[in-house]
Amino acid sequence: MRYDHNNLGHRFLLGANIISALEDLKFSETVLDERNREVTMVRLSVCGNYKIVVFTTVNITDRMTRSIGKDAIRVLLLKKKGETEVFSPVSKNKRVFRVGKIEAIKERVVASVRECAMLAKEFKDKSCKSCGGSVFLSKKGNWVCEKFCWTN
Ligand SMILES: [Zn+2]
């Protein structure tokens with residue numbers, strides 16, 4: 001079924017599809033921002049240092065995806081900052097546009113989640129060659145020491 005954002009049934013069905021697919025992947029619903037009214041799905045890594053967040057575009061109240069087609073579903077990988085409880089993004093937003101078949105949109109969300117999980121694994125396997133500390137992926141796509149040890 002081709003998703004039509006003017007069709008309330010489609011919006012409801014897409015919302016339910018995305019959320020149940022994410023629940024199958026052990027995500028749980030979190031309210032990050034009350035004003036935003038958007039269902040946000042979060043999964044914490046086993047080690048507790050990484051988080052995958054999906055901004056579903058599903059409204060908290062009516063459980064339907066937003067009517068406007070242009071704003072995408074966003075999937076993001078976050079990493080815990082040292083010993084703090086602060087998580088900050090370490091990947092670019094992966095955007096999934098709500099176009100095409102409902103099943104295909106859901107599959108693209110799942111694929112983006114897998115990419116984030118792979119990236120988290122890559123992070124864990126990598127460390128700084130100079131100081132052994134954590135690294136992150138720069139905007140240019142290079143692995144950079146989190147402690148910026150070369151500046152010392
Ligand atoms: Zn270093």
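**Figure 1. Close-up of C145, a partly exposed residue.** In this predicted model, C145 has 18 other C-beta atoms within 10 Å, so C145 counts as partly exposed; being buried would take 20 or more. C145 is part of strand β8, which covers residues 143-145. Setting aside residues up to four places away in sequence, C145 touches C128, S130, C131, G133, V135 and W150. Take S130 from that list: 15 residues separate S130 from C145 in sequence, and their C-alpha atoms are 8.6 Å apart in space.

**Figure 2. The whole chain, to help you find your way between the close-ups.** Two helices and eight strands make up the secondary structure of the chain. Starting at the N terminus, you will meet the elements in the order α-β-β-β-β-β-β-α-β-β. Along the principal axes, the C-alpha atoms fill a box of roughly 60 × 25 × 25 Å. Of the 152 residues in the chain, 25% are buried. Among contacts with a separation of 6 or more, 43% are between residues 24 or more positions apart.

**Figure 3. Strands β1 and β2, an antiparallel pair.** Here β1 (residues 28-30) and β2 are joined over three bridges. To find your place in this view, look for T30, which stands opposite T40 in β2.

**Figure 4. The hairpin formed by β2 and β3.** Strand β2 (residues 38-44) runs antiparallel to β3, and six bridges join the two. Two residue pairs make handy landmarks: M41 stands opposite V54 in β3, and R43 has I52 of β3 as its bridge partner. Five residues lie between the two strands, and in this turn G48 has a positive phi of about 85°.

**Figure 5. Strand β3 and its pairing with β4.** How many of the ten residues of β3 are buried? Nine are, so this strand (residues 50-59) is largely enclosed by the rest of the structure. β3 also pairs with β4 (residues 73-80), in the antiparallel sense and over six bridges. Look for V54 in this view: its bridge partner in β4 is V75.

**Figure 6. Helix α2 and what covers its buried residues.** Helix α2 has 24 residues, 102-125, and at 1.5 Å a residue it should span 34 Å; the C-alpha atoms at its ends are 35 Å apart, which agrees. The buried residues of α2 are I102, I105, K106, V109, S112, V113, C116, A120 and F123. As you follow these along the helix, keep the helical repeat in mind. An α-helix makes a turn every 3.6 residues, so residues three or four places apart point the same way. The cover over the buried residues of α2 includes α1 (8-24), β3, β4 and β6 (94-96).

**Figure 7. The largest nonpolar core, with 26 residues.** Which residues have the most contacts inside this core? They are I52, V54, V75, L77 and V109. Two or more residues come from each of α1, β2, β3, β4 and α2, and α2 gives the most, with seven. In soluble globular proteins, nonpolar side chains tend to be buried together. For a closer look, start at I52: beyond its neighbours within four places in sequence, I52 is in contact with R43, V75, L77, V113, C116 and A117.

Key: Residues are numbered from 1 along each chain as its sequence is written. This is a predicted model: local features need pLDDT of at least 70, side-chain atom pairs count only at pLDDT 80 or more; totals for chains, interfaces and linings use all residues. A residue is buried if 20 or more other C-beta atoms lie within 10 Å of its own, exposed if 12 or fewer, and partly exposed in between; C-beta atoms are placed from the backbone. Helices (H or I, at least four residues) and strands (E, at least two) are DSSP runs, numbered from the N terminus. Two strands pair if DSSP finds at least two bridges between them. The expected span of a helix is 1.5 Å times one less than its number of residues. Two residues are in contact if their C-beta atoms, placed from the backbone, lie within 7 Å. A nonpolar core is a set of buried Ala, Val, Leu, Ile, Met, Phe, Trp, Tyr and Cys residues joined through C-beta atoms within 7 Å.
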